[in-house]
Amino acid sequence: MNNFIQYELWKSCRNHCKFCYNYGQEDKLTKIDSLNYFLNKLDEKEVDNYNEIGFIGGEFFDNQLEDEERILNQMNQRD
């Protein structure tokens, strides 16, 4: 059986699609804080119950982060 969990990293997006349920909503954390929160979340025991993990959120990266490459590498190194 395939167990899947999906995390929404942030709501902000430069597309501003009016049909999107995130349209006009504000994020509570900065993108860096949000990524760090979810990177730490991946270390929690709850994640062991899933064999697939997905991330969604706005324009996922699109060169919006200064240290985007480092964070992507951190995410890719997790099993």
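How much area does the protein expose, and what share of it do carbon and sulfur atoms supply? The exposed area is about 6,000 Å², computed by the Shrake-Rupley method with a 1.4 Å probe, and for residues only the protein chains shown count as cover; carbon and sulfur atoms supply 46% of this area. The structure is a predicted model, in which local features need pLDDT of at least 70, side-chain atom pairs count only at pLDDT 80 or more, and totals for chains, interfaces and linings use all residues. Residues are numbered from 1 along each chain as its sequence is written, and side-chain values use heavy atoms, with hydrogens and water left out.

Two helices and two strands are present, in the order β-α-β-α along the sequence. Helices (H or I, at least four residues) and strands (E, at least two) are DSSP runs numbered from the N terminus. Of the 79 residues, 27% count as buried (under 20% relative accessible area, with exposed over 50% and partly exposed in between; 1.4 Å probe, protein chains only). Among contacts (heavy atoms within 4.5 Å) with a separation of 6 or more, 75% join residues 24 or more positions apart.

The largest nonpolar core (buried Ala, Val, Leu, Ile, Met, Phe, Trp, Tyr and Cys residues joined through side-chain atoms within 4.5 Å) has nine residues, including Tyr 7, Trp 10, Phe 38 and Val 47. Strand S1 (4–8) and H1 are the elements that give two or more residues to this core, and H1 provides the largest share, three residues.

Lys 41 lies in helix H1 (residues 31–41). Lys 41 counts as buried because its relative accessibility is 16%. Apart from neighbours within four places in sequence, Lys 41 is in contact with Tyr 7, Glu 46 and Val 47; Tyr 7 and Val 47 belong to the largest nonpolar core.
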